[in-house]
Amino acid sequence: MKSIHIENQNSTILIGESFQNIKKYLPEKKCFLICDENIYHHYSDFINQFDYIIMGCGEGIKTWSSVEMIAEKLLDKGADRNSFLLGMGGGLVSDVTGFVASIFMRGLEFGFISSSLLSQVDASVGGKNGINFGKLKNMIGVFNPPKFVICDPMLLQTLPKREVRSGFGEVIKHAFIKDENLFQFLKANREALLNLDADLMEDLIYRAVSIKTNVVESDPFEKGERKKLNFGHTIGHTIENNSDLTHGEAISVGMIMATQLSESMCDLSEADSKEIRDMLESFELPVTTEVTAETINEYLIKDKKKNRSSIDFILLNQIGEACIKTIPIEELKTKVIRLCADQKNKPITTKP
Ligand SMILES: NC(=O)c1ccc[n+]([C@@H]2O[C@H](COP(=O)([O-])OP(=O)(O)OC[C@H]3O[C@@H](n4cnc5c(N)ncnc54)[C@H](O)[C@@H]3O)[C@@H](O)[C@H]2O)c1
Ligand SMILES: [Zn+2]
């Protein structure tokens, strides 16, 4: 087991700890567990030890109505300001649980048992919580870190394969923006990692979380360096909202587009660009989308990271080194039209 403490958030990430040891980490408070239907289905014996609340599944339930439903149930169950919320699930559960915990009675302590690869390496780490609003992702939320996050690779055994690949999309992103060694590790161990080899997964999650926590420590409120974690996300989010791709799949396509832009707008070499595409394809992630340039451009205008007439876009100088480029929206829209036209002749690859 390895642990990482994020000093300025007073938050500890426990990697390789068994979720069954949760009692070691819970404070002496009334604890309520929040999970989704799938997690309850797989882990009901464990969950039944707690007073629990189940929410539905899927991005569509990351809404105010789920927040209201949970708040109502907490009140019915007698939760008070001294209660503790434990979110058990993927990024959806952690985003909603963290948000409810942050606003219920002006804030309760909370922690996570993180159950998807994507949430172990990304969503549950760093203190961002929130819900979607209309068609816009994560529009309403807060920065508020959990007391602890347990990342138990054994939980990944029940995770659907497509969700595993989606999580790899986020890990690969960490390698692209910050860590050439992680890129080589992924390349060398691809097959064993896709088969969820326990030791390698613990190592991988530790490396990925270390990258994210370093960035979060240096820039907790996303003023500069932390923006680099959004590589592939500006376009990826619009693809996710307008297709049936998962988060990791959509950002895979977003990363391909950002990579192509990096070739013309930064120092990224053609060879690195090819390595990036090969890596995503080798982890069975999609590299093209049917979402049109018109749709992407419409959402770019509404993107919350928009800064007046331009967008802070994340590009790559080389594998392992990202940069932030302020691009005028009109220029970006033209480039998106070209990128979408370029990919039209390439086959669309999404595995079930
Ligand atoms: N807060 C952040 O910094 C941050 C960062 C990245 C992503 N996110 C958010 O995270 C969400 C995506 O997270 P996700 O990919 O974990 O999605 P998710 O929570 O919806 O989980 C994906 C699916 O896998 C199931 N599942 C999860 N763990 C399982 C397990 N161990 N066994 C069986 N089934 C399991 C879930 O029920 C769900 O159906 C998005 O809403 C995204 O916006 C937040
Ligand atoms: Zn992401």
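I began with the domain assignment, which gives the protein chain a domain 1 (2–158) and a domain 2 (161–343). The model is predicted, and I read every value below as computed from it.

**Entry: the two domains**

I looked up the separation of the domains and found 25 Å between the centres of domain 1 and domain 2, taken over C-alpha atoms. I then looked up the contacts across the boundary: 29 residues of domain 1 are in contact with 34 residues of domain 2. The area buried between domain 1 and domain 2 is about 2900 Å². Carbon and sulfur atoms give 66% of that area. On the domain 1 side, I noted Leu117, Val121 and Lys137 as the residues that lose the most area to domain 2, together 21% of what that side buries.

**Entry: nonpolar cores**

I asked which residues have the most contacts inside the largest nonpolar core. They are Phe168, Phe176 and Leu186, in a core of 94 residues. Helix α10 (residues 247–265) supplies the largest share of this core, nine residues. The core draws at least three residues from each of domain 1 (2–158) and domain 2 (161–343). I noted beside this that nonpolar side chains tend to be buried together in soluble globular proteins.

I took phenylalanine 168 for a further look. Not counting residues up to four places away in sequence, phenylalanine 168 touches Leu117, Leu186, Leu193, Leu194, Met201, Leu204, Phe283 and Leu285. Leu117 also stands among the three domain 1 residues that lose the most area to domain 2.

Apart from the largest core lies another, of 19 residues. I wrote down Leu33, Phe46, Phe84 and Leu86 as being among them.

**Entry: aromatic rings**

I counted aromatic pairs and got 12. One of them joins phenylalanine 19 and tyrosine 43, with 5.5 Å centre to centre and 80 degrees between the planes, and is edge-to-face. I looked up where the two partners sit. Phenylalanine 19 is in the loop between β2 (11–15) and β3 (31–36), and tyrosine 43 is in helix α1 (residues 37–47). The pair links distant parts of the chain, 24 residues apart. Are the two residues buried or exposed? Phenylalanine 19 is buried, and so is tyrosine 43. Phe19 and Tyr43 form one aromatic cluster with Phe46 and Phe50. Phe46 is also among the residues of the 19-residue core.

I also looked for charges over rings. Lysine 2 lies over the face of tyrosine 206, at 5.6 Å from the ring centre. Arginine 207 has its charged end over the ring of phenylalanine 185, 4.3 Å from the centre.

**Entry: aspartate 122, glycine 91 and serine 124**

Aspartate 122 is found in helix α4 (residues 117–123). I recorded aspartate 122 as buried because its relative accessible area is 10%, and the cut-off for buried is under 20%. Its neighbours within four places in sequence left aside, aspartate 122 is in contact with Glu170, Lys173 and Lys212.

Glycine 91 has its place in helix α3 (residues 91–103). Its relative accessible area is 15%, so I entered glycine 91 as buried. Glycine 91 touches Ser116, Ser119 and Ala123, residues up to four places away in sequence not counted. The C-alpha atoms of glycine 91 and glutamate 59 are separated by 9.7 Å, with the two positions 32 residues apart along the chain.

Serine 124 is in the loop between α4 and β7 (128–133). With a relative accessible area of 2%, serine 124 is buried. Residues up to four places away in sequence aside, serine 124 touches Ser94, Phe112, Ser114, Ser119, Pro146 and Val149. From serine 124 to phenylalanine 148 I read 9.4 Å, C-alpha to C-alpha, for residues 24 apart in sequence.

**Entry: positive phi**

I kept in mind that most residues other than glycine have a negative phi. Arginine 106, not a glycine, has a positive phi near 65 degrees. Arginine 106 is found in the loop between α3 and β6 (109–114), and counts as exposed at 75% relative accessibility.

Glutamate 284 has a positive phi of about 60 degrees. I located glutamate 284 in the loop between α11 (270–282) and α12 (293–302). At 28% relative accessibility, glutamate 284 counts as partly exposed.

Note on methods: Residues numbered from 1 in each chain as written. Chains lettered and ligands numbered in written order. Predicted model: local features only at pLDDT ≥ 70, side-chain atom pairs only at ≥ 80, totals over all residues. Heavy atoms only, no water. Phe/Tyr/Trp six-rings, centres within 6.5 Å; stacked < 30°, edge-to-face > 60°. Helix = DSSP H or I, 4+ residues; strand = E, 2+ residues; numbered from the N terminus. Buried < 20%, exposed > 50% of the residue type's maximum accessible area, 1.4 Å probe, protein only. Lys NZ or Arg CZ within 6 Å of the ring centre and 35° of its normal. Core = buried A, V, L, I, M, F, W, Y, C linked by side-chain atoms within 4.5 Å. Domains from an automatic or database assignment. Contact = heavy atoms within 4.5 Å. Buried area = accessible area lost by both parts, 1.4 Å probe.
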